[in-house]
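Open your viewer and keep the selection box handy. We'll hop from one spot to the next, and at each one I'll tell you what to pick.

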Amino acid sequence: MNPVRLLVIFFAAMVAQWWWMTHFSIFGLAPQLLLVLTVALAARYGALWGMSAGFLWGLFLDLMSPRLFGANALAFTWIAWGTGSVRRQIDVAGLGPQAVVVVAMTWAYFLLLGVLGLIFSKSFFWVGLPAFCLDPFYNAVVTTVLFALWTPRWEHRR
Amino acid sequence: MHREARIANYALAVLSVIALTMLSLPLSSPVQAFKACAAYVLNPAAYVGAKATERLANVPANIKDLIAANSENRLMRDKMKQVEWTETESQALRAENQRLRGALGLKGLPERSPVWARVIVREPEHWYRSVTVDAGGNQGLAVNSPVLGSQGGRLIVIGRVVSVRPDTSIVLLLTDEQSSVAAYATSPSTETVRSFDGLLQGQGGPRLRLDYLVPDATVEKGDLVYTSPTSATFPPDVLIGTVVQIFPPNQELEWRSMAVEPAVDASRLTEVLILKTQSAAAEAPKLSSADANDTSADTTQETSE
């Protein structure tokens, strides 16, 4: 992957995530764009790319929260590694499998944050029932849009 | 094992160790230094994005304001003449107050000056927990600076600063479980004090809980809750919210509890007023961008009032 392109995507994604969750959340719900991109990177280019970007994106989210610095970084790293492991078993480059992986990984992310909260701050960090139930599907919708925008034309034709 | 999988496993181990170190030792110097570096690199994304959005969104309003500015300017000049008199009067009253406090042997109140800041980051998962504002160490803010909001011309308690960077700060909202403030209730009509001080705590949701009120406190639904003069962080007598539910007395507990609805909804916050103490303001110019990248409070340990 072109490093310049990756760098542009890396910073643009952080601005987009910030903008979306601050100005465009619906009933307090906003998609985890950075999580979706971490899964997409790991699914397309392998776990290493996903883990590198995911770790830094996780740090970005950690910096915006007053508690548990490192929790998002760890969660995103494991999500990228998990996606990479799934990638070796089945083809997750397609839209359908990627959306399913995103839904599963979002739930895994919420539970992981909760458990990390339980371990490091002695209280299970619960994101709330609406976010837990709806965010995975919201993320899947974002995956569909991103997939349509990010897939090269020759791949569409194929 | 496949080469790519082996490298991924090594990377997973390294990144996990880094993340777990950050989680386990959040206050150690290497983690604080790493956090400062990460904030220096990654934080501008939100700050720059906020500034760009603000400028773009303000273009139509700025043009409109420019047209209205002339007539407003004339009005303001007239008002300024009145303000000059009010300021002179206020200075005289302040001097008198200080003189009388001195005569009674009372300690003077800390001098605070306000800084207005915009809310630039609000996370859906932390809706009632924290927000990030576009003022920081360069504006003279310090950890534990009280953060207020304004609604209908009244000041309302919002939370306090828990992390300061050069141009941004993280505000822990009063609705977070780790927030607490000493408070008392008054009748909304007569403004008579209904109770002795209690401890108001966040619940991680839209409502707050006022505990430790004496059993014979005559608090009713609709009573207003204000910050207590004994509060270490907040100025006294600032509105917090309204009593919406009084819990039935528990035989095992020797105090009364009630639910309080904050006077300002966290989801409507766009601007906040942060009170900086004069000592923090004096230190502001010394705060270089290198050492001011992140001054965080250990939020788990310094919550109690």
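Here is the tour, starting with a few ground rules.

This is a predicted model, where local features need pLDDT of at least 70 and side-chain atom pairs count only at pLDDT 80 or more, while totals for chains, interfaces and linings use all residues. Residues are numbered from 1 along each chain as its sequence is written, chains are lettered from A and ligands numbered from 1 in the order in which they are written, and side-chain values use heavy atoms, with hydrogens and water left out.

**Stop 1: helix H2 of chain A**

Select residues 33–45 of chain A, which form helix H2. Helices here are DSSP runs of H or I with at least four residues, strands are runs of E with at least two, and both are numbered from the N terminus. How many residues of H2(A) are buried? The count is 12 of its 13, where buried means under 20% relative accessible area, exposed over 50% and partly exposed in between, using a 1.4 Å probe and protein chains only. Those buried residues pack against H1, H3, H4, H5 and H6 of chain A. Right after H2(A) comes A:Gly46, with a positive phi near 105°.

Now add H1(A), residues 3–23. The axes of H1(A) and H2(A) are 9 Å apart, at an angle of about 155°; axes are lines fitted to C-alpha atoms, for helices over the stretch in contact, and angles run from 0 to 180 degrees between N-to-C directions. So H1(A) is roughly antiparallel to H2(A), a label for angles over 145 degrees (under 35 is roughly parallel, 65 to 115 roughly perpendicular, the rest oblique). Contact means heavy atoms within 4.5 Å. Show A:Leu6, A:Ala13, A:Met14, A:Ala16 and A:Gln17 from H1(A), which make the contact with A:Leu33, A:Leu34, A:Leu37 and A:Leu41 from H2(A).

**Stop 2: H3 and H4 of chain A**

Next, pick residues 47–63 and 71–89 of chain A, helices H3 and H4. Their axes come within 7 Å and cross at roughly 160°, so H3(A) is roughly antiparallel to H4(A). To see where they meet, try A:Gly50, A:Gly54 and A:Gly58, among the H3(A) residues there, and A:Ala73, A:Ala80 and A:Gly84, among those in H4(A).

**Stop 3: helix H6 of chain A**

Move on to residues 129–150 of chain A, helix H6. Where is the kink in H6(A)? Centre on A:Asp135: the kink there is about 35°, shortly before the proline A:Pro136. The bend at a residue is the angle between axes fitted to the seven residues ending there and the seven starting there.

Stay in H6(A) and click A:Asn139. A:Asn139 is buried, with a relative accessible area of 0%. Leaving aside residues up to four places away in sequence, A:Asn139 touches A:Pro31, A:Gln32, A:Leu35, A:Val36, A:Val102 and A:Thr106. Draw a C-alpha to C-alpha distance from A:Asn139 to A:Leu35: they are 104 residues apart in sequence and 8.5 Å apart in space.

**Stop 4: two positive phi angles**

Most residues other than glycine have a negative phi. A:Lys122 has a positive one, about 60°, and sits in the loop between H5 and H6 of chain A. At 73% relative accessibility, A:Lys122 counts as exposed.

Finally, switch to chain B, with its 4 helices and 13 strands. Buried residues make up 42% of its 305 residues. Select B:Tyr212 in strand S8 (residues 208–213); its phi is positive too, near 65°. At 43% relative accessibility, B:Tyr212 counts as partly exposed.

Technical notes. The expected span of a helix is 1.5 Å times one less than its number of residues.
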